[in-house]
Amino acid sequence: MPELPEMETYRQQLAPLIQGVPITGVEVTRPKSLNVEPEQFAQLLRGNRILQINRRAKHLLFILATGELLVLHLMLGGWMYVGSDEDKPDRTFQVTIHFGAKSLYFIGLRLGYLHVHLPEEAEAIFKKLGPEPLQADFTFERFRQTLQGKRGNLKVTLVDQSVISGIGNCYSDEICFYAQLLPTRKINDLSEEELQRLYQSMRTVLLEAIRYGGYMESPLYAGDRLTGGFDSRCRVYDREGEPCVRCGHPLVFEEVSSRKCFYCANCQA
Ligand SMILES: [Zn+2]
């Protein structure tokens, strides 16, 4: 599932491709991906423009010239492509938005969705989400306050969107590895120094992942050299049995609180 760095990569790369370009048409083959009737959706979008693309946690927000928001969550298996009839992927598109000769294709939206909202609804949609981990005002002090009183282990707490938003299975493992902490450690057992390490690791890993375009396999457009660059830089995620880059010990896969979890049992403590 795309996490904060993948959605941030999409945001940054989509903006110069579609921002401000008039929408010329819409196709919907899976009405369930929307929260309005396909006709209504098409009517709203045709002739409209996306003025700005924002991100909140694992969502993208497309802000229309008429003020409404399109809120996208790709969930498991969803991805996007921008291109033309000639180079579009050989896949089924649940939603397609045409911008003249080029189109934005939504693929694999089985659990994912694209919902229309009024601007005043935005706050309510996101009110259950915890703070953005990379926001400037999310200081170590705020991080410590956020985790205060939490009883869960690191894995469960890092992926809990109501605690800190945007982190999922991959980056929680990468952050724990970078911090040299076991994902099974209890939050309330961490020392001050370990908490500091966890905070710094969270920032370092997420920023590095954004810089290298996240781990998504599929390029966003023909010639996209950025998307997916972090995949080969993942140190533990999906690397069961491979030697740890820090100590050479084979990496372990384990279910932690019924979540996929990869770590090094030798150099994470
Ligand atoms: Zn190791």
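## Zinc site

The four donor atoms around the zinc ion subtend angles of 100 to 117°, so the arrangement is tetrahedral. Four donors count as tetrahedral if all angles lie between 85 and 135 degrees, and the range found here falls inside those bounds. The structure is a predicted model, and the values given here are computed from it. The donors are the SG atoms of Cys244, Cys247, Cys264 and Cys267, which coordinate the zinc ion at 2.2 to 2.4 Å.

Along the chain, the donor residues follow the spacing C-x2-C-x16-C-x2-C. Cys244 sits in the loop between α7 (192-211) and β9 (252-256), while Cys264 belongs to the segment after β10 (259-263); the pair therefore ties together parts that are 20 residues apart in sequence. Cys244 counts as buried because its relative accessibility is 4%, under the 20% cut-off. Cys264 has a relative accessibility of 0%, so Cys264 also counts as buried.

## Beside Cys264 in sequence

Ala265, like Cys264, is found in the segment after β10. With a relative accessible area of 44%, Ala265 is partly exposed, whereas Cys264 is buried. Which residue lies 16 residues from Ala265 along the chain, with its C-alpha atom 7.9 Å away? That residue is His249.

## Largest pocket

The largest pocket holds about 670 Å³ of space. Its lining is made up of 29 residues, and those nearest the pocket centre are Met1, Pro2, Leu76, Tyr215 and Tyr237. By class, the lining divides into 13 nonpolar, eight polar and eight charged residues.

Where in the chain do the lining residues come from? Domain 1 (4-125) and domain 2 (140-263) each contribute at least three residues to the lining of the largest pocket. Among secondary-structure elements, α6 (169-178) and β10 each supply at least two residues of that lining. The strand β10 also precedes the segment that holds the zinc donor Cys264.

## Buried helix residues

Helix α6, which contributes to the pocket lining, contains Glu174. Is Glu174 buried or exposed? Its relative accessible area is 1%, so Glu174 is buried. Between the C-alpha atoms of Glu174 and Tyr113 there are 27 Å in space, and the two residues are 61 residues apart along the chain.

Phe143 is part of helix α4 (residues 140-147). Phe143 counts as buried because its relative accessibility is 0%. In sequence, Phe143 is 55 residues from Leu198, and the C-alpha to C-alpha distance between them is 9.7 Å.

## Positive phi outside glycine

Met75 is not a glycine, yet has a positive phi of about 50°. Met75 is placed in the loop between β4 (69-73) and β5 (79-83). Its relative accessibility of 24% means that Met75 counts as partly exposed, since that class runs from 20% to 50%.

Gln180 is another residue other than glycine with a positive phi, in this case near 55°. The loop between α6 and α7 holds Gln180. At 34% relative accessibility, Gln180 counts as partly exposed.

Key:
Residues numbered from 1 in each chain as written. Predicted model: local features only at pLDDT ≥ 70, side-chain atom pairs only at ≥ 80, totals over all residues. Heavy atoms only, no water. Donors = N, O, S within 2.8 Å, 3.2 Å for Na, K, Ca; no water. Tetrahedral: all angles 85-135°; square planar, octahedral: opposite > 155°, others 65-115°. Helix = DSSP H or I, 4+ residues; strand = E, 2+ residues; numbered from the N terminus. Buried < 20%, exposed > 50% of the residue type's maximum accessible area, 1.4 Å probe, protein only. 1 Å grid on protein atoms, 1.4 Å probe; cavity = no way out; pocket = protein on both sides within 12 Å on 5 of 7 lines; lining within 4 Å. Points joined across faces, edges and corners; volume = space filled by probe spheres on them. Nonpolar A, V, L, I, M, F, W, Y, C, P; charged D, E, K, R; others polar. Domains from an automatic or database assignment.
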